[in-house]
Amino acid sequence: MDSFQTVLSFFMKQKSTIGYSFMALLTIGGERIFSMVSFQCPCNRDQNFAYGLTFLLGPAAVLLVLGLFVSARMWRLYTGCCLNPMKLCPRGNCCNCLRVFMSIFTGACVAPIMWLCVALLNATFYECAVSGLDDSLVGDFFCKNKTMTCREELARVPCDRSKLSKDERMELLLMFRAQSQILGWCIVIIAATVGLIGTCCTNCRSKVSYLQRTFWKRYIDTEKERFDVLAVEYATQLANRNLKSFFENKEPVSFPFPNHKAWEEISELYTFSTSEQYYSTLQRYVDGGSRDLSPEKRPVMNLEHGFEMA
């Protein structure tokens, strides 16, 4: 049992690393499936570029949208902002709001960057796209010191249907793959460098020490886990209480519940401040002296339009 707890504790501490590793494996597997099953370069000068670029950038765009869609921080920031625009920048802190946006967008870019790196290193999509470029500069670069047949057959090189000799075709393919892999490694190096510089800048400008920052992260993770557990528990109790009152045709027993204002306050994004020794908006609300404990009027649900009315 102790060994199991040790292994479980290790995986919980390394869940970010494991998550990124799993994402990388899924990206590699997805790219291989696309390349082997669904991707068929048309080998047509009019279609190669659009087709290859679609397979290269299309999945990256979809992954970016999905990354934003599953970001809890983004929905925590945006929910209700049309009715209350100040939620985007609570307390007028626009700089912190911009940092949050950048953090959300950066986190969503991880999967697309992985896709681009894997796709470019594999070079299948790139060689199809580049071979369809109808540009004199492209032709001069790839077919330098070669016959006009090279320019005419360039679009058919990825499909092994060109009239070029085997050596000429292999030479062109190697040039395509070399360029693609160079671009892939450039993206890897740039992403790693930007990530390192961003992390260094964030830690350098941190208002708290390394150990306190570590404690803060542990607290946030623990609070989220416990919130999910207690939310399920209290939701179950409330559902049981309402169903029991309905079926037994009795008055419901009193059930303490946070009011609307309390939910709004704990839903704000929080940035640590040395002037406030709090680690989350929940702690600031609980420890704050301005808590409103008065019950509010029950909201009425408009069933036709699906929104709450006062």
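Is Glu248 buried, partly exposed or exposed? Glu248 is partly exposed, with a relative accessible area of 38%. This is a predicted model. A search of the whole structure turns up 2 disulfides, and the count of salt bridges is also given as 2. The points below take these links in turn, then move to the helices and the cores.

**Salt bridges**

- Glu248 pairs with Lys250 in a salt bridge, with an N to O distance of 3.8 Å.
- Lys250 is exposed, because its relative accessible area of 53% is over the 50% mark.
- Arg177 and Glu127 form a salt bridge too, and their closest N and O atoms are 3.3 Å apart.
- This pair links distant parts of the chain: Arg177 sits in helix 10 (residues 166–204) and Glu127 in helix 7 (residues 124–131), 50 residues apart.
- The two partners sit in differing surroundings. Arg177 is partly exposed at 33% relative accessibility, whereas Glu127 is buried at 8%.

**Disulfide Cys41 to Cys128**

- Cys41 is joined to Cys128, with 2.1 Å from S to S.
- Cys41 lies in the loop between helix 2 (15–38) and helix 3, while Cys128 belongs to helix 7. The two are 87 residues apart, so this disulfide is a link between distant parts of the chain.
- The torsion about the S-S bond of Cys41 and Cys128 is about 85°, so this disulfide is right-handed.
- Both ends are covered: Cys41 is buried at 15% relative accessibility, and Cys128 is buried at 1%.

**Disulfide Cys43 to Cys159**

- The sulfur atoms of Cys43 and Cys159 are 1.4 Å apart, and the pair forms a disulfide.
- Cys43 is in the loop between helix 2 and helix 3, and Cys159 is in the loop between helix 9 (148–153) and helix 10, so the bond ties together parts 116 residues apart in sequence.
- The link of Cys43 and Cys159 is right-handed, with 100° about the S-S bond.
- Cys43 is buried, with 7% relative accessibility.

**Other cysteines**

- Why does Cys200 not bond with Cys201? The closest cysteine sulfur to that of Cys200 is in Cys201, and at 6.9 Å it is too far for a bond. A disulfide needs the two sulfur atoms within 2.5 Å.
- Cys200 is partly exposed, at 44% relative accessibility.
- Cys117 is buried, at 8% relative accessibility.

**Helix 3**

- Helix 3 (residues 48–69) has 22 residues. At 1.5 Å a residue it should span 32 Å, and its end C-alpha atoms are 31 Å apart, so the two values agree.
- There is a kink in helix 3 of about 30° at Phe55, shortly before the proline Pro59.
- Both Phe55 and Pro59 are among the buried residues of helix 3, which also include Asn48, Gly52, Leu56, Ala60 and Gly67.
- An α-helix has 3.6 residues a turn, so residues three or four places apart point the same way.
- Leu66 is also in helix 3, but Leu66 is partly exposed, with a relative accessible area of 45%.
- The C-alpha atoms of Leu66 and Pro112 are separated by 9.9 Å, although the two are 46 residues apart along the chain.

**Helix 7**

- How many residues of helix 7 are buried? The count is 7 of 8, so helix 7 is mostly covered by the under 20% cut-off.
- The buried residues are Phe125, Tyr126, Glu127, Cys128, Ala129, Val130 and Ser131.
- Two of these have appeared above: Glu127 in a salt bridge with Arg177, and Cys128 in a disulfide with Cys41.

**Nonpolar cores**

- In soluble globular proteins, nonpolar side chains tend to be buried together.
- The largest nonpolar core here has 24 residues, and Phe125, Phe142, Leu172 and Phe176 touch the most other members.
- Helix 3, helix 6 (110–122), helix 7, helix 8 (136–142) and helix 10 each supply at least two residues of this core.
- A second, separate core has 5 residues, including Met74, Val100, Ile104 and Leu269.
- Which residues does Phe125 contact, leaving aside neighbours within four places in sequence? Phe125 is in contact with Glu31, Phe34, Ser35, Phe39, Gly52, Phe55, Leu56, Trp115 and Ala119.
- Among these contacts, Gly52, Phe55 and Leu56 are buried residues of helix 3.

Technical notes
Residues numbered from 1 in each chain as written. Predicted model: local features only at pLDDT ≥ 70, side-chain atom pairs only at ≥ 80, totals over all residues. Heavy atoms only, no water. Salt bridge = Lys/Arg side-chain N within 4 Å of Asp/Glu carboxyl O. Helix = DSSP H or I, 4+ residues; strand = E, 2+ residues; numbered from the N terminus. Buried < 20%, exposed > 50% of the residue type's maximum accessible area, 1.4 Å probe, protein only. Expected span 1.5 Å × (residues − 1). Bend = angle between axes of the 7 residues up to and from the residue. Core = buried A, V, L, I, M, F, W, Y, C linked by side-chain atoms within 4.5 Å. Contact = heavy atoms within 4.5 Å.
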